[in-house]
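I opened the notebook to look up charge, overall form and packing in this structure, in that order.

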Amino acid sequence: MLHAVIMAGGSGTRFWPLSRQALPKQFLTLAGERSLIQSAFDRCQPMILGDRFWVVTNESMIETTADHLPELPMAHLIPEPCGRNTAPCVGLAALLLAQEDPEAIMLVMPADHVISSIESFQEAVLNAVNVVRKDPEQLVLFGVPPTSPATGYGYIERCKSISNGVYKVASFREKPDRPTAEEYLQQGTFYWNCGIFVWKAQTILDELEKHQPGISTQLKQLQKSMNTPAWDSALAECFPKMPSISIDYAVLEKSKKIAVVEAPFDWDDVGSLEAMSRLNSTDENGNTVIGTACLVDSKDNIVRSSDGHTVGLLGIKNCIVVHTPDATLVADRTDENAIRDLVEALKEQGHHNVL
């Protein structure tokens, strides 16, 4: 059967002050009326029901996740004792799925993406599932046709066609510089790697055993404690021993049987506050305003206010202004990634109350 696994362990540092340690990005509502993690659940309905939905998240986020997704059984909320990137996350989920359903096929996706339309997304998933059912050793990725020479994504190069909209993967490419990204865009055989995957749970466990013994050894140790009172303590002991590595580096770039489905849906990875401009309308001066604001002689800004607070901008250009009840951000829009540096500075200067 098809199961969905949401990876929800991120902290969303570049979304400060909206995103905090106690309320990471996946719990924010940035488009529509549902949080990002709720939207990830919604886009799989009714294709995958709640009893076949799993979420892997930090153990401190289990209660918040349950509040956002009350449809899920508590046993399907998988706590990570610490952050260890996506390969240990996927391995842990696969271990639990394979025990519950030895023939389980996993749809693995991040919690913090915005995707439309739902119908196109589900069609692509079923296309990937058919590939796996025909060849259970296949690992299937989703590739988004690039619409710009983006330098912030990894790329997938396709080669020969397997079936309609499905191709063998020729290579993986690191985040490119601008000229290289422009070349990828012109060639038409490259996709953005959106981090969504479909494969059999047992197959990915076998691949981890082949390519990542440091993860596989700990998973086998954990397996001895499944369905016993020792599970929690075994997880706390074994999980931190796994190397922190992405599933891309750990397995996908080493495996021989990789396919890519050309994504027919619109995708946004919501990686930073800049996404608010893409997900919401802009005025005639290029400003995106969410909440209450008054802008005079101001262009190309992103403004978000809360609790009826009015933000006033006069003669301001290319800035991000975010007001929350206890913290306000004013940042150069052209250097939004530096928000990470600001968060580090807040830590160093002892402003823990706003982190």
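For the charge count I took Lys and Arg as positive and Asp and Glu as negative, leaving out His and the chain ends, and I placed each charge at NZ of Lys, CZ of Arg, CG of Asp or CD of Glu. On that basis I found 30 positive and 45 negative side chains, with the centres of the two sets 6 Å apart.

I noted that this is a predicted model, in which local features need pLDDT of at least 70 and side-chain atom pairs count only at pLDDT 80 or more, while totals for chains, interfaces and linings use all residues. Residues are numbered from 1 along each chain as its sequence is written, and side-chain values use heavy atoms, without hydrogens and water.

Next I looked up the overall form. The radius of gyration, taken over C-alpha atoms, is compared with a globule rule of 2.2 Å times the number of residues to the power 0.38; the protein has 21 Å, which agrees with the value near 20 Å for a compact globule because the chain has 355 residues. Along the principal axes, the C-alpha atoms fill a box of roughly 60 × 50 × 35 Å.

Last came the packing. Buried residues (under 20% relative accessible area, 1.4 Å probe, protein chains only) make up 53% of the 355 residues. I looked up the nonpolar cores, sets of buried Ala, Val, Leu, Ile, Met, Phe, Trp, Tyr and Cys residues joined through side-chain atoms within 4.5 Å. The largest has 50 residues, and those with the most contacts (heavy atoms within 4.5 Å) inside it include Ile6, Phe53 and Val198. A second, separate core of 49 residues includes Val90, Ala93, Leu139 and Trp231.
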